Amino acid sequence: MSGSNSVPIRSAPLNRPMGPRGGPGHRSLEKPKNLRKTLIRLLKYFGPYKLHLVLILITTALSSLAGVAGTYFLKPIINDLTKYIGHKSPDFSSLIRTLFIMGAVYAVGVVSTYVYNRLMLIVSTGTMRNIRIDMFRHMQDLPMRHYDTHTHGELMSLYTNDTDTLREALGRGISQLTTSLFTVCGVFVMMLILSPLLTVLVVVMIIIMTLTIKKIGGQSAKFFSKQQRDLGKINGYIEEMISGQKVIKVFCHEEETIEEFEKLNENLRSSACSAQTFSGILMPIMGNLAYVNYAITAATGAWLVLLGYTDIGTIASFLQYTRSFSHPITMISQQFNTLLGALAGAERIFEMLDLPAEEDDGFVTLVNVEVSPDGTLKETSRKTGVWAWKSPVGDGTYVYTQVKGDVRFNNVTFGYSPDKIVINNISLFAKPGQKIALVGSTGAGKTTITNLLNRFYDIDQGEILYDGIPIKNIRKDDLRRSLAMVLQDTHLFTGTVKDNIRYGKLDATDEEVLRAAKIANADFFISHLPHGYDTMLTGDGANLSQGQRQLIAIARAAVAAPPVLILDEATSSIDTRTEALIESGMNKLMEGRTVFVIAHRLSTVRNAKAIMVMENGEIIERGDHDSLIAERGKYYQLYTGMFELD
Amino acid sequence: MLKKLLPCLGKYKIYAILAPFSVIMEVALDVLIPLVMAKIINVGINGGGGLPYIIRQGLIMILLACLAMAFGAISGRFTALASTGFASGLRTKIFNKIQDFSFANIDKFSTASLITRLTTDITSAQMAAMTVLRIAVRAPALLILTSAMAVRINASLSVVFLVAVPILALVLAFIIIKAFPRFLVMLGKTDKMNSDLQENLIAIRVVKSFVRRDYENEKFEFSATELQDAQRRAEKLLILNMPCMQLAMYTCMIAVSWLGGKQIVSGNMLTGDLMSFISYTSQILMSLMMISMSFVMLVMSKASLTRISEVLDEIPDINDDEADPELLPQDGSIVFENVSFSYAKDGNNLTLENISLAIKSGETVGIIGGTGSAKTTLVQLIPRLYDVYSGRLIVGGHDVKKYKLKTLRDAVAMVLQKNELFSGTIRDNLRWGDKDASEDEIVEACKVAAAHGFVSSFPNGYDTDLGQGGVNVSGGQKQRLCIARALLKSPKILILDDSTSAVDTATDQSIRQALRGSHRDVTKIIIAQRIASVIDADKIIVLEDGKIDAVGTHEELLNTNRIYKEVYESQQKGVA
């Protein structure tokens, strides 16, 4: 589980129940809370496959009934044969006819089996794809708050564990369940036709079998959920310990770690063993109960033949039927559990899909404009590099305001949770092109200010104006497009260096990418990489140093070239000497832009137009570097704290 | 591979032997039942044996079934014992193995991949073990015993199987061989989709702030569709199994009915025998089907088993082989003698080159250098997290290789750049440094690390639960707790690898001051970005590109070293 960045730490209340809900391989025998609702919702995903489903129903019926019917032919065959035993010139014509019919029935069965499997494959994979895509799309729309309160593991397990069980249930479970049901029904009807008397015996046996399943299944379910809990615990432990393996090494903590591990492992082994035992003995017990049934039926049947109530052919087919009875019944009971588990997973997926998406009541949009000689703005689809806010007036016309980057906070108050205010009645302004610095100790609320500006969170009180427009009126996408952020934790994507820089502007040309890299002073090290700009980055840019990754992130912001730039500890992992080297580039990048710089390394913020010193969610000092130094306040203390020479 | 994995059974080995045995017993008993049934028909009905005979044979059949049931239940229990015992043994073995890994070994596999191997892959290995014990024994046993019975009843009729079984076996084998590579492709696509997803989750702030939702959606849609297609391609073949098997079974039934029927009419076969023969037909072919299914499962788990054995095969490249168990470091002195180091163990690709350096016990040493100048690499050699490539590293008077790893690392406390705290209380985490630490010692260490203040401000103080990965404290607080944890080891050498980067300057200063007071005899090595953090060190090392550029005090370096001067000036600017 990757570490969280600065915001969630404060938003997460202490003692929040953590721990993974279950690591990989998590699979449980749980029941959905609202079966009907979940089922109906799931059925909607089958919408595009209505025809497929109808065909699947027909072909599964054909496939299982063909098997059932085929067995019935044993009766005429055996009876035919018995009739001709010892004949010098037996008449095989009726036997041949029966065999042909049997062959035809079986052929239908084989073809149907193939067809339903093929259709089911299309339906299950397609449905899974659509569910996954829906989940992903919705996830992109979830508010930041959701990500702060849920671990990546929790979200990932929806895609891995829950979709996997669902897929298995859809792929195999449904068709097995239906074929088993059809077979049981078909066999039962045939038995009744062949010999109602013997069927009574079978029914008694079925009751015994069902009771056995219930008893063993109940035990098995109990231990299965214990196994799942234990598995979740040990996987959580493994995840945490392996992630911290280097710390374990440094502290020689191997033995203690192994000791704890063995405890969890033994717990898992014992519960897993009980669970597997019960599920493992179910099959042989059921199978052999069927044999007991077979024996009783054979003996009783033989007796009935002796008494003349029935014929050998009937007994032959009937016995085949008793053999084919137990398997589908066991199947049904097992698949039913899988299905319930899958539905519980589906329910969790739907719960996520039902989470409210980020709210956006914004109506002001960002458009490209041309400035006419008389100063009026004209909307255009051409990429002019000049942007304007387009606000509807109400009578169908629009007002255009050129984007300048004027940002004002008026008496803003905000808390991640209502009882804990993080930003307390803050007012500040940044005129277009100004560099504003926020400094202060960890937890003072610096990052929160930027989170409010790009509306990762909405403010509780006060207002934030952007070029005079309240930001809550601006469409979130357009608002964010007008701001570029370089964050403390740099995240890169799998792909080439070029792709990663281009993330700031998808249609950037190679020249633009190169220019941006030069501004960030990243060009130097990039051209030394094995494949230069085409070097593949994997695992969040694991092959680069933290500082190099930050340079790429700066280049990414540079290529986006928005009017407002937010640098949140953007250079914290770059040593000050390199930082000095890229300073000119950074200055070029900041030129003509409104910039918010967050840093606790004060050398970074010296040349800011205004420096705000924050503490406990309030601005306690503001001014430029010289005036703050002269003031001999908190800023002076922080600044000289670096250089105490005693 | 099997040879390596089998010992994981440990004390459950006996069950792994008994389980197949009881399966075979169960199958053998089951196979006898249709034979008895044939007797009922042949002797009881057609042969004039009458009711008493039928009842006697009926009871024999029930007895056989009950015995089989008992063996079946026993095999179920033994299988569970063996397969879960195997999984548990395997888990322990891998986990212990990883505990022996050096940093280089861990780097090679990556943390994420080790986690998958220990969780997902083991679960699938357990499934494989169960399949082998349950199906892979039962099916061949059923195949062989049933065939034997069929031959006994009517050898000439068994020719049907002689034709059908090899054909079906070939077809099933063909399907599996064809499907295997496609399954590998599918697994690859699954990995790809999951890694896309994880990347997106980690970088969600970037995605949102650049408004790249549509782009990300498209990317994911592409991988989800690719996965769907790969799945269809792979399973398209596998679903042929069932119809092929049905085709073979039905064809055999018809052939047996026809050929057997003719024999009955001519008096060469009894009706009851034909009936049991038909019973056996479905069993023989069913067992083939089971064999093919278990192959599929084994094949699917093969990838997992391979990944597991890769871990088991890895040789921990740092060990106690040359160690003298009695040897203890005398003091906190450190000497680098012409040390070079390469992550790739390649002399042409050196990360550190010809480092020679002597640090006296109790000295405070600062290390300054640009990003990528190998500062971290240098200090990681001291507790022998990596081995030197060439040259010699002497700690406390002896070559590091002469100490037992535990002895050496107990003497060297290191606070890593990437700090990790573990779930549990603050106290639990601090006790990593010293599991018997008293309350006073804990508080003392926290005071030095400037952590006591914020810890006592928590409602639960030292009993505050940190949550997984220490999510309930801020970055700076985490760093301070990590320093306290290291101090509790009462080390001879303390290494702080950029460990106060998230701590504000005032606190940083107070930590250094406290350290100077309370840990006078401890050699302190401080890697820092800020000159301020090392300004009062006895010795400052300037690293550049894996080489020592200069060593000296602040004043000396300021006057003589260009790099140091530049760094200083870049931080100094503006202080009037």
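Confidence in this predicted model varies along chain A: helix 5 (residues 93-141) of chain A has the highest mean pLDDT, 91, while helix 1 (residues 6-11) of chain A has the lowest, at 26. Over the whole of chain A, the mean pLDDT is 80, and 90% of the residues reach 70 or more. At the start of the chain, residues 1-29 of chain A stay under 50 throughout, although the model gives them 97 contacts beyond four places in sequence. Residues 642-646 of chain A are also below 50, with eight contacts in the model beyond near neighbours in sequence. Where pLDDT is low, the predicted coordinates should not be read in detail.

With that in mind, let us step back and look at the whole of chain A. Its secondary structure comes to 21 helices and 16 strands. The radius of gyration of chain A is 36 Å, well over the 26 Å that the globule rule gives for 646 residues, so chain A is more spread out than a compact globule. You can follow this in the C-alpha trace of chain A, which spans about 125 × 65 × 50 Å along its principal axes. Of the 646 residues in chain A, 52% count as buried. As for contacts in chain A with a separation of 6 or more, 77% are between residues 24 or more positions apart.

Now for a small detail in chain A. Strand 15 (residues 610-615) and strand 16 (residues 618-623) of chain A run antiparallel and are joined by five bridges. One of the residues to look for is Glu615(A), whose bridge partner in strand 16 of chain A is Glu618(A). Two residues lie between the strands of this hairpin, and Asn616(A) takes a positive phi near 50° there.

Next, turn to the partner, chain B. Chain B is divided into domain 1 (2-313) and domain 2 (334-572). The C-alpha centres of these two domains of chain B lie 55 Å apart.

Finally, where do chain A and chain B touch, and how many residues of each are in contact? The answer is 146 residues of chain A and 142 residues of chain B. On the chain A side, helix 10 (residues 254-307) of chain A gives the largest share, 29 residues. Sorted by class, the side of chain A that touches chain B has 71 nonpolar, 53 polar and 22 charged residues.

Terms used. Residues are numbered from 1 along each chain as its sequence is written. Chains are lettered from A and ligands numbered from 1 in the order in which they are written. This is a predicted model: local features need pLDDT of at least 70, side-chain atom pairs count only at pLDDT 80 or more; totals for chains, interfaces and linings use all residues. pLDDT is the predictor's confidence in each residue, from 0 to 100. Helices (H or I, at least four residues) and strands (E, at least two) are DSSP runs, numbered from the N terminus. Two residues are in contact if their C-beta atoms, placed from the backbone, lie within 7 Å. The radius of gyration is taken over C-alpha atoms; the globule rule is 2.2 Å times the number of residues to the power 0.38. A residue is buried if 20 or more other C-beta atoms lie within 10 Å of its own, exposed if 12 or fewer, and partly exposed in between; C-beta atoms are placed from the backbone. Domain bounds come from an automatic or database domain assignment. Two strands pair if DSSP finds at least two bridges between them. Ala, Val, Leu, Ile, Met, Phe, Trp, Tyr, Cys and Pro count as nonpolar, Asp, Glu, Lys and Arg as charged, and the others, Gly among them, as polar.
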